Structures are given as structure tokens and as C-alpha cells.
Amino acid sequence: MKKTAVKFVAGALLLCLLLWQANRVLAVKYDDGIYSVTKFYELEDNTVDVLVLGSSHAYMSFHTGVLWREHGISSYLLTASAQPLWNSYYYLKEALKTQTPKLIVLEGYRLLEEEEYLPAGFVIKSTYGLKWSPNRLDAIKASVPQEQWLGYMLGYTQYHDRYAELAEEDFTPGKEAERYGDWKGFEMGMTTMPLEQPDFGTCTGTIALMEKTEQYYRAILELAQEQNIPIMVVIAPYGGMTQEDQKRFRAAEEIAKEYQAPFLNYNLMEDGAQIDYGTDMYNTSHLNGRGSCKFTSKWGDYIAGQYEIPDHRGDPAYESWERDAAYLDALLEDVELKETVDAGRISEALAAGNYDIFLSVDGYCQLEEEAVNSVLGGLGIGDVQGGGLWYLTGGDNVVWSSGSGEASQYFETDRHDFGLKRVQRPDGGYDNEIVIDNQNYKTVNNGINVVAFDNVTGIVADSFGIDADNEYQLCR
Amino acid sequence: MEFNSIEFMFFFPVVLALYFVIPRAARQIWLLVASYYFYMSWNVKYAALIAASTLLTYLSGIIIDKCRNRGKKGVMLTVLFSCLGINLGILLLFKYGNFFLASLDKGLRILHIGFVDHRFSFLLPVGISFYTFQALGYTIDVYRGEVKAETNLIRYALFVSFFPQLVAGPIERSKNLLSQMQNIRNLKLWNAKRVASGAILMVWGFFMKMMIADRAAVLVNTVFDNYHMYGSAELIVAAVLFSLQIYCDFGSYSLIAIGAAKIMGFELMENFNTPYFACSIRDFWGRWHISLSTWFRDYLYIPLGGNRKGRGRKAANIMIVFLTSGLWHGANWSYVVWGGIHGAYQVIGDFLSPWKEKWLCRLRVNTACFSWKLLQAGTTFFLVVFAWIFFRANSLRDAFGYIRRIWIRPTPWKFFNGDLYTLGLDRLEMNVLLVSIFLLCLVDLIRYRRKMTLDAFLMTQNLWFRWAVSFGLVVLIFVYGKYGAGYDPQQFIYFQF
């Protein structure tokens with residue numbers, strides 16, 4: 001009997017361990033929802049001074065690096081894609097267990113919410129990051145109809161079919177990409193969608209918020225009030241605000257007034273964020289990196305003037321905010337590099353930046369061409385007759401070069417693999433290969449190819465060629 | 001509440017835990033309450049139907065038994081036929097009412113006599129064919145004097161409504177299940193081997209359902225519902241996969257039922273025994289839905305005269321049984337035709353048998369070797385798959401259209417060019433399905449060659465292997481099983497019967 005009981009317990013434990021491991025691998029790990037909460041749990045208690053709640057409008061607008069660089073404010077964006085206010089409410093409840101922010105900010109785009117229940121993906125993003133607690137269960141209950149509660153609470157029934165999309169990060173806990181090391185929830189829009197400057201016009205009147213949205217909106221305001229924490233509502237700039245949106249925001253503003261909470265709609269403020277819709281938008285709904293810097297700078301000045309929020313710059317306990325800012329600075333540089341079209345300026349940026357540069361001279365190439373010269377000269381590469389491959393760090397420090405014959409070299413870091421290979425073809429010519437993390441980078445067949453790998457952000461910041469077949473134009 | 005639902009995941013452990021700890025005297029009533037809760041989770045109202053059927057057959061049994069003691073054979077017969085008539089009447093009304101009205105309407109319209117536009121609006125009560133047959137089997141057994149009438153109403157009600165096999169069988173015999181229930185107080189529940197054995201059967205059942213049946217269903221539904229768009233390759237693959245789907249779907253339900261009952265201390269009859277290894281259609285029906293086949297044999301075929309009244313009568317009896325069996329499966333002419341095809345296979349086989357023997361002898365064919373068995377099994381499988389087309393097609397017209405397209409639209413290149421991955425199952429899903437089917441073949445081979453079910457086989461192996469297989473299956477189901485948010489639930493096919 002005793003032996004049977006031992007076997008039973010051991011078997012049950014083993015089975016649970018196996019299922020737990022399978023669940024851990026299959027669990028969703030979205031960076032636009034789940035991760036913002038799991039990283040939040042890693043923070044030291046009472047280190048966040050400004051806590052931002054909301055949807056993608058929040059995590060693409062409030063630049064945690066700018067806030068730190070300009071005011072030394074330690075902020076965190078506890079957000080998720082399309083997060084409705086009922087989920088923001090439970091995020092706030094969960095956050096207040098460990099943090100006592102000096103200011104709570106609700107980005108209010110989802111005040112426009114009209115759907116009582118959102119699609120499964122959004123529900124998962126806004127609930128599955130939360131630890132098992134009454135808050136998580138309540139968040140699920142608020143997010144889906146009653147008949148679906150059980151399925152969502154079990155969790156794995158919602159995501160077990162992810163097996164077809166498993167990736168490295170699903171199997172390597174703790175081995176996070178560079179971007180998550182000190183992440184504070186900000187997602188930078190890396191490209192630009194040029195838009196026309198919108199005219200939102202003026203309108204009067206209000207449209208009532210959806211009942212459920214208003215209920216949780218008030219709950220958020222009341223919770224902040226109960227905790228004696230100032231709260232403000234901000235509508236970050238976006239391109240498509242309609243008259244109907246304005247009326248709903250006006251209704252929301254009146255509710256905020258009841259709680260003495262400032263309500264700032266940066267789309268309507270005359271001296272708002274001074275967003276240039278031609279260069280500062282990622283898409284019609286979100287700011288890009290440049291736009292978020294402008295907006296945050298303006299808004300940061302406002303809160304620094306209105307609230308007593310300490311400046312933590314230089315405090316060793318807040319080093320991770322410094323690293324987060326450094327990462328975001330580098331990321332913005334990557335964006336700027338990719339948007340530069342002048343070969344000379346690119347060359348300067350490469351020489352000055354924190355890039356590993358991989359360069360190949362391929363096929364026929366007139367070295368005296370200005371574009372070629374400026375790139376090679378800027379990087380300090382002289383003798384390139386016969387072509388070849390080069391690996392440089394710190395702007396112009398040549399780590400390895402192939403010479404004009406066949407050669408190959410492989411480099412590796414903690415997370416990345418680099419391969420350089422020069423092989424002779426049967427016709428006597430040479431093929432050069434630059435491979436980073438199993439991806440082959442080659443833009444032109446004749447001319448020069450350059451790949452800039454950013455060591456800080458861990459991404460290929462830029463990959464371009466000077467094309468001998470196209471009048472030595474710069475190609476991406 | 002289906003076996004592969006979240007509700008059952010909670011329901012069964014709770015029922016089991018209480019069943020194991022409550023006083024012995026309460027076991028029976030507890031299982032009855034659980035069974036009715038299980039049934040009412042589909043539709044509360046239909047519990048009245050099963051209760052009525054239970055009460056009717058219970059009283060009939062007692063009256064028949066008493067009349068026998070007093071020698072009143074006429075009353076016995078009257079009660080028996082009244083009981084059969086009322087129960088079958090309920091079954092006919094709920095299951096076949098609209099079918100008969102629609103068929104009558106069609107017939108009248110063809111003859112330009114008139115039309116019947118009335119239709120019944122009620123839903124088909126889940127599992128009505130199963131529990132009706134089980135209760136009728138009991139009444140006939142009592143009439144024949146093969147079992148004594150059950151006087152304990154709670155026990156009898158539990159026999160009719162026992163939740164593991166209530167909605168899709170196996171259709172149990174009173175001689176087997178009722179006698180076990182009479183012994184429920186003395187059951188030794190804490191038996192590790194029996195519990196482990198039942199759990200293994202349940203896991204294997206879930207594997208068949210969630211890994212094979214519901215995955216194959218994706219492709220099968222795509223093709224059968226749009227067969228006009230496909231050629232022979234897709235149609236053949238879908239027909240073969242449907243054969244596996246229905247086996248794994250129905251077989252899995254039976255296995256889960258048998259496993260669940262076993263954990264609770266009851267041995268249910270085997271319902272499937274490697275049907276696709278059958279070497280003839282008769283052999284197939286000895287391995288497929290055994291509880292129904294033997295029910296028809298005992299309560300219809302033999303009373304009709306069986307094979308005792310000449311070849312012609314035997315052929316007629318076979319056709320009656322199989323046409324009835326077809327109709328039992330569903331209120332549609334395609335089911336009747338499916339049953340008729342199986343009946344015809346057997347009748348033709350019987351008539352050709354002497355001729356076949358003669359030619360085998362003349363040609364000196366070795367029938368005692370593997371290759372002959374393989375040929376027979378292959379031929380049987382082909383015939384069964386062909387008949388399944390009628391079973392799965394949405395109508396008789398669709399079935400003929402499906403077969404016609406296999407013939408007139410040959411697309412053999414599609415077996416090679418990857419087009420089969422566009423039928424709802426991509427390459428990964430197809431690979432998972434193929435590996436699962438391979439495992440199914442292995443388990444069926446063990447059953448066929450070593451005459452051992454999976455649980456019995458594993459119990460003869462070392463602990464590490466037993467755990468590796470059992471836990472491996474659980475993890476496979478956990479990861480690759482068809483369930484959850486993105487899952488379009490394929491109800492157990494036999495529920496509709």
C-alpha cells in the first residue's frame with residue numbers, strides 16, 4: 001500500500017512537472033501586453049514614480065528614456081494592446097501592491113471603447129501577464145462572457161495551439177533579447193508614415209461613454225483617490241480623431257473634473273506636442289520614435305512643473321532607467337541611420353556610432369566614384385583592389401579582412417552569430433557572403449554592401465548597398 | 001457535457017473523489033445523481049424522457065416477472081409488446097418523426113397527390129437510441145427469463161443512465177452491468193492496478209479523439225462539404241481519413257467510457273476490436289460497434305429466424321438487420337443505403353462463397369499466409385471505406401456525386417505536388433496526424449497480434465516504460481490535441497444517434 005502511494009505521488013509529480021514545462025513553453029509571451037506586466041513584477045518595490053496605464057497609444061507615446069534623460073523621472077508603462085479600461089483597472093490594482101507612484105497617468109484612447117468584449121488575443125494580452133491572484137481572475141471575468149470564464153482561467157486551453165509558432169524565446173527563459181534587459185514598457189515606432197497635418201475642427205456637445213467603460217473609468221479614478229495618488233488623463237496625439245471621438249473625450253473630461261483629475265487632450269491643445277504629422281507618425285494611430293520624443297518632452301515639462309516627482313539621475317538604485325534610456329537612444333540612432341540617404345552622412349554616422357560594420361566589395365566597382373569613396377574613406381578602408389570582406393568595430397577598427405582570395409571567418413556573441421565568407425566562382429570571380437543570425441545580407445551584386453549591426457540594441461540597424469549597376473546610387 | 005470538455009475535466013474527478021470516500025450505501029444514489037446531472041447538462045427537459053423510459057421498462061420487468069410466476073404468458077407478451085411499442089414510439093417520434101414526414105411529403109409530391117408541410121420542432125435527445133436499446137434489451141431478457149427483474153428502482157435507473165456509457169454506449173446488457181451494480185456495495189474501489197488501467201484507457205481514448213479524429217475532421221469536412229471542387233486524390237484521401245475519423249471518434253468514446261467505468265469498479269463490454277484489420281465484412285461487424293452488432297443479433301436476427309430457415313431467409317434476415325442498423329444510425333436515406341450496402345456485401349459474400357472456395361482450390365492459392373490475409377484485409381477496408389462515403393455524405397445525392405467525381409476527375413498528381421496540404425491541414429498538422437495514426441496502428445497491432453488492450457499490455461511492462469508511454473500521451477494531447485479557443489468542437493459523431 002505504502003509502495004503504491006509513493007509510486008502514485010511520484011508519478012503525479014512527474015506528470016505535473018512535464019505539463020508545467022509544456023505550459024511554460026507554450027504560454028504566450030507578447031511584448032505588447034504580457035511582457036509589460038512580467039517585467040513590472042521584476043522591479044524593486046516603490047521605484048516607479050510615474051505609472052502609465054493604457055493601450056498601444058500609451059506604449060508608443062510615453063518615451064521612458066526622454067522622461068529619464070530630461071527630468072530623471074522613473075516611469076513605467078503598464079499597458080497592453082487595445083487594453084480596455086476594465087483591464088487597466090486590474091493592472092492598476094495589481095501595480096499598487098508593490099508600487100506607490102507619485103503620479104498615475106491614464107492614456108485615455110480606450111475611453112472610446114464600444115465593445116463590451118474584445119477578441120481573444122487582446123483579452124490574453126491584457127490578463128495573462130498577471131500573476132495568479134484575485135485580480136487576474138476578476139480581470140478575466142470582466143473581459144469575457146461568463147460561459148468562457150473557465151476556459152480563460154485555465155489559460156493553456158487558449159494558447160496550447162501555439163506549437164506551430166514556437167520560437168527561441170519560448171524555450172530560453174531568462175535569455176531575453178537586448179531590448180528587454182531594462183525595458184520599461186516603451187515600444188518605439190521604427191518607421192515613418194508621412195501624414196497630412198489633420199484639422200480636427202471644433203465641435204460641441206458630448207456623447208456618453210459606454211456604460212462598462214465609464215464604470216471602470218470611474219473605478220480607476222476612485223482607486224487613485226483612495227490611495228491619495230494624483231492621477232491625470234492624457235490623450236496622446238494620433239491622426240484620426242473624429243468629431244465623435246472629441247465628444248466622448250469631452251464626456252470623459254467632465255467625469256475627470258468630478259475627481260479633480262487633469263484631462264489633457266494633446267490633439268486639441270494649441271501649444272500641444274507640436275507634432276509634425278509628415279515626419280513624426282508611425283501610422284495613423286501612433287507616434288514614431290521622433291514623435292514620441294517630442295510629445296514626451298512637452299508632457300514631461302508639464303508634469304515636472306505640476307507634481308513633486310524626484311529626480312533620480314545618478315542614484316545607483318535607478319541605474320536600469322539609465323540603461324533603458326541608453327538603449328532607446330541607440331534605437332533612435334538606428335532609426336535615423338536607416339532614414340539617412342546621403343552616403344557621406346551615413347559614413348559619418350557609421351564612424352561615430354556603436355556599430356559592428358560588415359562590408360563587402362563585390363563584382364566590378366569604380367573605387368573613385370564619390371559614393372564609394374565616401375563610405376570606404378569614412379571607414380578608413382584603403383586598399384580594396386580585387387574586392388573582399390571587412391569586419392570593423394568602433395567606426396574604423398578593422399577586426400578582420402578577407403584579402404582578395406578565398407576566406408571565411410565566424411564570430412559569435414552571447415546571442416548572435418556572424419559569418420563572413422568569400423568563395424571563388426568557376427568563372428574566376430568571387431562571391432561574398434555576410435550572414436547574421438542565419439540571414440544573408442546582400443543588397444547589390446556589383447558595388448559595395450554594408451551591414452551595420454548595433455551592439456546596444458542587438459539589431460541590424462541598417463543594410464544598404466552602393467549599386468554599380470545603378471549609377472552608384474544608394475540602395476536598401 | 002462532452003468527455004473532451006473543460007466541464008468534464010472537473011465533473012469526473014469530483015464525482016470520482018466523492019464516490020471513493022462516501023459510505024458504501026450511498027454509492028448507488030451518488031452515481032445516479034451524477035448521471036442525471038451529466039445528462040441534464042445537455043438539456044434539462046430530456047431527463048424526463050429517460051426517466052419515463054426507465055420507469056416504463058422497470059415496471060414492465062416487474063410485471064413480466066410476476067406474470068411468469070403465475071403462468072400468465074399472454075399478459076407477459078402484452079406487457080412486453082406494449083413496453084417495446086411505447087419505447088420505440090418515443091424513439092420514432094423524436095428521432096424519425098421529421099424524417100418520415102419529409103419522406104411522405106416527397107412521395108406525395110412526386111405522385112402529385114398532395115403535401116405534408118408539418119414538421120416537429122423538438123431537438124433529438126442525446127443518446128436516445130443507446131439508452132432505449134439498453135432498456136429494451138433488459139425487458140426482453142426479463143421476458144426470456146435470462147435475468148430476474150430488478151426491484152430496486154434506483155439501481156435500475158442507474159443501469160439505464162450510467163453516465164460513462166449513457167450517450168454513446170457501449171450498449172450494455174443487464175446480465176453484465178446490472179449484476180455488477182447489484183454488487184456495488186462490495187466493490188473494492190482502492191485498487192491501484194484497476195484505476196491505472198482505467199486511466200490508461202481514458203488517456204488513449206482522448207488521444208484517439210483529440211489527436212486523430214478531430215484533426216482528420218478538418219480535412220474531411222473541407223472536402224465532403226465542397227466535394228464539387230475536388231478531384232479523385234482529395235476525395236480518396238478524405239474518404240480514407242473519414243474512416244479513421246469515425247473509428248477514432250466512436251472508438252475513443254467507448255474507450256473513455258470503459259476506462260471511466262473501470263476506475264469506478266465496473267467492467268463494460270468491449271465495443272471495438274481492431275475493426276480495420278478485419279478480413280471480411282462479417283469479421284468487420286464482429287469488431288465494429290460490437291455492443292450494437294450483438295444487440296441486433298440477439299434481439300432481431302435470431303428472433304427473425306437467423307440462419308436456421310434456409311439461404312433465402314437468412315439473406316432476407318441479414319438485409320433486415322442491416323437496413324434497420326442503418327436507420328438506427330440516423331434519420332436519413334443515406335444511412336439506410338449505408339446499412340443496405342453492408343447487408344448486400346454479406347449476402348453477396350455468402351452466395352459467392354462456394355464459388356470462391358472452388359476457384360481458390362483450383363488456382364492453388366495459399367490462404368494460410370500473411371499475403372492472403374493482407375489482401376483480404378485490404379479488400380475489406382476498401383469496401384468499408386466505400387460504404388462510409390454514404391454514411392458521411394450530407395445526402396444520398398451527394399454520396400453518388402462524390403463517387404462519380406472520384407471516377408471522372410482523376411487527379412493523381414495531387415498526391416505529389418503538395419496540394420493536399422491546402423485542405424485545412426498544413427504540413428505540420430498533417431505530420432502530427434500521420435504520427436498519431438502510426439501510433440494507432442501500433443496499438444491496434446498489439447491488440448490484434450497479442451490479444452491485449454493497451455492498458456493490459458502496459459501493465460506487463462516495466463514502470464519506466466508504462467510511465468513514458470502514459471505521460472508521453474498526456475503531453476502529446478496537452479500540446480497537440482484539438483481543444484480550446486481555436487478549436488472548432490467536433491461533437492462525438494455517435495451522439496447524434
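Trainee: Which residue in E4(A) does Leu106(A) stand opposite?

Mentor: Happy to start there. This is a predicted model, in which local features need pLDDT of at least 70, side-chain atom pairs count only at pLDDT 80 or more, and totals for chains, interfaces and linings use all residues. Residues are numbered from 1 along each chain as its sequence is written, while chains are lettered from A and ligands numbered from 1 in the order in which they are written. Strands are DSSP runs of E with at least two residues, and helices are runs of H or I with at least four, numbered from the N terminus; two strands pair if DSSP finds at least two bridges between them. Strands E3 (103-107) and E4 (231-235) of chain A pair in the parallel sense over four bridges, and the partner of Leu106(A) in E4(A) is Val233(A).

Trainee: What is the order of the strands in the open sheet of chain A?

Mentor: The sheet has five strands with parallel pairing. Its edge strands, each pairing on one side only, are E2 (75-79) and E5 (263-265) of chain A. The order is E2-E1-E3-E4-E5.

Trainee: Which helix of chain B gives the most to the largest nonpolar core?

Mentor: A nonpolar core is a set of buried Ala, Val, Leu, Ile, Met, Phe, Trp, Tyr and Cys residues joined through C-beta atoms within 7 Å, where buried means 20 or more other C-beta atoms within 10 Å of a residue's own, with C-beta atoms placed from the backbone. The largest core has 124 residues, and Phe207(B) and Val220(B) are among those with the most contacts inside it. Giving 20 residues, the top contributor is helix H8 (192-225) of chain B.

Terms used. Buried ≥ 20, exposed ≤ 12 C-beta atoms within 10 Å, placed from the backbone.
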